[in-house]
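This report describes the fold of a single chain, from its sheets and hairpins to its interior. Please consult the sequence and the model shown below while reading.

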Amino acid sequence: MGPQQPYTGRPPTAPEPDSEHRGPADGPIALDRPIIPTAATGGPAAAPSRPVKAAGSGPQVLAGSDPQVLAGPGPQVLAGPGPGGSAGSLGLRPLRHRVDRRAIGWWSARVIVGVAPLVAALSVGYVMLPATRSWLGPILLVAVPTWLAYLVVVPSWRYAVHGWEVTPDAVYAVSGWFVREWRAAPISRIQTVDTVRGPLEQLFGLATVTVTTASASGPVVLVGLDADLAARTAGRLTEIVRQTAGDAT
């Protein structure tokens, strides 16, 4: 046993507290985070903790209007048009409207009117002129099945491909059957809007809307539209163009 302290009549004193554990009366409190004042109470408040990383390693998309990269192990981008873009920016995308189904009959009638007279003339020559059968026969043997196959397949194929849409920003059209052409004309570049109805289109109750622009590629043509729908579309386009400031050059 060690030497005992002499009795003084006072209780033994506790050891001095460590500086990191002092109370408010003993001096400032040392914290592991800086103290910042709050607007609500005017008193000190602990600084916000560091951002917690999101679970997962792949990209995560959140709703928003501007792209922002958030903390995490993988790229996280807020969905939105981004700098310089807008919700109505031009670009390849599915179009809202198909042509009228009567366009199949209209395209078929055009094939018949265009090719049938030639096939009929070759057939008459084959029957009436025996000397031509040696070369007219192979021609008819190839031409007639090809023409019939085109008549059966192509109009329905074109109906499946063709589409169009009119928005406050642009006119869109996709056409073709073997080679597909996708066109987009900004409203500000439109010069004229015309509605055309040929004899066969009148027979099938259809019309074509031709949108002429300043582009060197030519006009944007919306074919196979119902006649009433074509008239309303042309009127809507004319109104949009009238209210839109543009160069049209």
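Which residue in β8 is the bridge partner of valine 174? The partner in β8 is tryptophan 182. The structure is a predicted model, in which local features need pLDDT of at least 70 and side-chain atom pairs count only at pLDDT 80 or more, while totals for chains, interfaces and linings use all residues. Residues are numbered from 1 along each chain as its sequence is written, and side-chain values use heavy atoms, with hydrogens and water left out.

**Overall composition**

The chain contains four helices and 11 strands; helices (H or I, at least four residues) and strands (E, at least two) are DSSP runs, numbered from the N terminus. Of its 249 residues, 27% are buried, where buried means under 20% relative accessible area, exposed over 50%, and partly exposed in between (1.4 Å probe, protein chains only). The accessible surface of the chain is about 17000 Å², with 61% of it belonging to carbon and sulfur atoms; such areas come from the Shrake-Rupley method with a 1.4 Å probe, and for residues only the protein chains shown count as cover. Among contacts between residues at least 6 apart in sequence, 44% join residues at least 24 apart, a contact being heavy atoms within 4.5 Å.

**Strands β6, β7 and β8**

Strands of a sheet pair through backbone hydrogen bonds, either parallel or antiparallel. Two strands are counted as paired here if DSSP finds at least two bridges between them. The antiparallel pairs for which a bridge count is given are set out below.

| Strand pair | Bridges | One bridge partner pair |
|---|---|---|
| β6 and β7 | four bridges | glutamate 165 and tyrosine 172 |
| β7 and β8 | six bridges | alanine 170 and proline 186 |
| β10 and β11 | five bridges | leucine 206 and aspartate 226 |

A hairpin of three residues connects β6 to β7. β7 and β8 also form a hairpin, with five residues between them, and glycine 176 in that turn has a positive phi of about 105°. Five of the six residues of β7 are buried, so this strand is largely enclosed by the rest of the structure.

**The sheet β9-β10-β11 and its helices**

Three strands in the order β9-β10-β11 make an open sheet with antiparallel pairing. β9 (190–196) and β11 (220–226) each have a single partner strand and stand at the edges, so one side of each is left without a neighbour in the sheet. Neighbouring strands of this sheet are turned by 15° against each other on average, direction ignored. Axes are lines fitted to C-alpha atoms, for helices over the stretch in contact, and angles run from 0 to 180 degrees between N-to-C directions. Helix α1 (residues 103–128) lies across β10 and β11, at about 110° to β11. Helix α4 (residues 227–243) lies across β9, β10 and β11, and runs at about 140° to β11.

Arginine 110 is found in helix α1. Arginine 110 is partly exposed, with a relative accessible area of 43%. Its C-alpha is 9.8 Å from that of proline 155, although the two residues are 45 apart in sequence.

**The cavity and histidine 162**

Rolling a probe the size of a water molecule over the atoms shows where empty space is left. On a 1 Å grid over the protein atoms alone, a cavity is a set of points where a 1.4 Å probe fits but cannot get out, and lining residues have an atom within 4 Å of a point. Grid points are joined across faces, edges and corners, and a volume is the space filled by probe spheres set on the points.

The structure holds one cavity of 30 Å³ or more, and the largest cavity has a volume of about 50 Å³. β6 (163–166), β7 (170–175) and β11 each give two or more residues to the lining of the largest cavity. Among the lining residues are Val99, His162, Trp164, Val174 and Val223.

Histidine 162 is found in the loop between α2 (133–161) and β6. Histidine 162 is buried, with a relative accessible area of 5%. Leaving aside neighbours within four places in sequence, the contacts of histidine 162 include Arg98, Trp107, Val174 and Gly176. Histidine 162 and glycine 176 are 14 residues apart in sequence and 6.9 Å apart in space, C-alpha to C-alpha.

Note on methods:
On a 1 Å grid over the protein atoms alone, a cavity is a set of points where a 1.4 Å probe fits but cannot get out, and a pocket is an open set with protein on both sides within 12 Å along at least five of seven lines; lining residues have an atom within 4 Å of a point.
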